[in-house]
Amino acid sequence: MASSSVASSPVFLSGTHPIASPLISPAPRCRKEVSRKILAVMAPAQSRSPSTTGSVKHAMTLTEKILARASERPQLSPGENVWVNVDVLMTHDICGPGTIGIFKKEFGENAKVWDREKIVIIPDHYIFTSDERANRNVDILRDFCMEQNIEYFYDIKDLSNFRVNPDYKGVCHIALAQEGHCRPGEVLLGTDSHTCNAGAFGQFATGIGNTDAGFVMGTGKVLLKIPPTLRFILDGEMPNFLLAKDLILQIIGEITVSGGTYRSMEFVGSTIESLTMEERMTLCNMVVEAGAKNGVVPADLTTFNYLEGKTSVNYEPVYSDGHAKFLQEYRIDVSKLEPLVAKPHSPDNRALARECKDVKIDRVYIGSCTGGKTEDFMAAAKVFLSSGTKVKVPTFLVPATQKVWMDLYALPVPGSGGKTCSQIFEEAGCDVPASPSCGACLGGPQDTYGRMNEAKVCVSTTNRNFPGRMGHKEGQIYLASPYTAAASALTGLVTDPRDFLR
Ligand code: SF4
């Protein structure tokens, strides 16, 4: 249960009225020109009718506008079912073999995928393991990518040293962003529930099952019901002890794990505008923990700057109309929030970190698509640096991608006199950063690094704390920000990072 002090917090207000005021100014359009060519075997090539420039009869939300354009409709409303043209389909080593099997069964052994340049295949889940079935999954992906001449396959052949595999990236959602596959205004589908991560780019991004993915692989289309939109307006200066993880734990604690079911969650406000792309990803990554179909942050200069040099594909952002109808509006004064955790065994089991100060822990895990990005490790390093002491429990570090791993050894941590994260982690007594992958975020095979093979209590920067999620079904997982995770590692108890961050 959420603590009563949080549940009654005055900083989180909700209303049930559709709002009709332009609370944000549309950011300037990207200067790049949009490709209007549609590549899909089921539809004749024709010009799209972007809802941003066509005759719009009623106002639409950002998500509705993306899906209107992708379905070649001038307008649409929540609840409608439409065929949507997909811009990118991602799959990985867990769901890829199943997706490929369905594609071949339904389209034929010799069928060709709808577009070899729009399918992205990323081995990331069960990689550094001797489990033969897990290894076989990656082999299936490799054979298929060679057969289909897939343009974007981030392969790993030598498991003994990830660094000799230059194509290998790591966790799919962060790799998608770093490799320029996340673009404003587009539709990105993936066979993974946290595909919603890419909503940080003002993109419609959601997870689909293997059956849908097999169909998309053959046609480039998917049938989607248009979700209504919940709008979250976050204003106020972000205190220096909070991270985006605290914001999304606050929201999920408020609306519960079913509060966003088949809804779009749109994040706006001055706080959101101040967030980096990695922090926006953390926010959108966990909307599925509230049951949402997708999450979106309107694209702005921060987005365009991040994308600079990452993609040569033209894109066109869209924005919610001023009079768009939202199912519900929530306002949060971020300046009044405190560091949070989600207690076992649900992401909505919210509590203040300081309310759990007597909870003894056995380990800390910093990693995953939610909490294993460069800035997440920078945040943890900041806490270790402020403390100057050593961790009291084993502290596992699993960078999301190869790029993040390299950043840990190359980038100086601000205020450290030039030290890197890896140096600070070593001085603090943490484990050496592991090979990039999903690691123990979802348990994985028995020999997975950091897996909870016994009933331990863990503070983790991951996104789910269901029984058995990180291995042992009696393990207890406290979801937290990298600040809170690092502070907890230093004390061996769930700890409010304000004890170390001044
Ligand atoms: S890091 Fe965890 S949540 Fe993210 S894709 Fe991998 S298993 Fe899923």
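This report describes a predicted model of one chain and the ligand it holds.

## Overall picture

The model is predicted. Its chain averages a pLDDT of 91. A score of at least 70 is reached by 89% of the residues. Confidence is not even along the chain: over residues 1–53, pLDDT stays under 50. For that stretch the model has 93 contacts beyond four places in sequence.

The chain has 502 residues, and 57% of them count as buried. There are 15 helices and 18 strands. Take the contacts with a separation of 6 or more: residues 24 or more positions apart account for 75% of them.

## Around the ligand

The shell around the ligand has 13 residues. Ser368, Cys369, Cys438, Cys441 and Leu442 come nearest. Two elements give two or more residues to this shell: α5 (172–178) and α11 (368–371). By class, the shell has six nonpolar, six polar and one charged residues.

Where does the ligand lie relative to domain 1 and domain 2? Domain 1 spans 58–337 and domain 2 spans 341–499. Both give residues to the shell, so the ligand lies between them.

## Strand β15

Strand β15 covers residues 363–367. Five of its five residues are buried, so β15 is largely enclosed by the rest of the structure. Both faces are covered. Arg363, Tyr365 and Gly367 are buried on one side, and Val364 and Ile366 are buried on the other.

β15 has parallel links to two strands, β17 and β16. Three bridges join β15 to β17 (residues 457–460). Here Arg363 has Cys458 as its bridge partner. Four bridges pair β15 with β16 (residues 395–398). On that side, Ile366 stands opposite Leu397.

## The five-stranded sheet

Five strands form an open sheet in the order β5-β4-β3-β6-β7. The pairing is parallel. Which strands stand at the edges? They are β5 (152–153) and β7 (204–207). Each has a single partner strand, so one side of each is left without a neighbour in the sheet.

At the β5 edge, two bridges pair β5 with strand β4 (residues 119–122) in the parallel sense. Val120 stands opposite Tyr152 in β5. At the β7 edge, four bridges join β7 to strand β6 (residues 187–190), and these strands run parallel. Leu189 stands opposite Thr206 in β7. Although β7 is an edge strand, its residues are buried. Phe204 and Thr206 point one way, while Ala205 and Gly207 point the other way.

## Helix α15

Is helix α15 enclosed or open to the outside? Helix α15 covers residues 482–491, and nine of its 10 residues are buried. The helix is therefore largely enclosed by the rest of the structure. The buried residues are Pro482, Tyr483, Thr484, Ala485, Ala486, Ala487, Ser488, Ala489 and Leu490.

Gly492 follows α15. Its phi is positive, near 80 degrees.

## Two loop residues

Gly236 sits in the loop between β9 (229–235) and α7 (244–255). It has 16 C-beta neighbours inside 10 Å, so Gly236 counts as partly exposed. A residue needs 20 or more to be buried, and 12 or fewer to be exposed. Leaving out residues up to four places away in sequence, Gly236 touches Thr271, Asp333, Val334 and Ser335. Ile272 is 36 residues from Gly236 along the chain, and their C-alpha atoms are separated by 9.6 Å.

Ser160 lies in another loop, between β5 and α5. Is Ser160 buried or exposed? With 7 other C-beta atoms within 10 Å, Ser160 is exposed. From Ser160 to Thr129 the distance is 9.8 Å, C-alpha to C-alpha. In sequence these two are 31 residues apart.

Conventions: Residues numbered from 1 in each chain as written. Predicted model: local features only at pLDDT ≥ 70, side-chain atom pairs only at ≥ 80, totals over all residues. pLDDT = per-residue confidence, 0-100. Contact = placed C-beta atoms within 7 Å. Near = placed C-beta within 6 Å. Nonpolar A, V, L, I, M, F, W, Y, C, P; charged D, E, K, R; others polar. Domains from an automatic or database assignment. Pairing = 2+ DSSP bridges.
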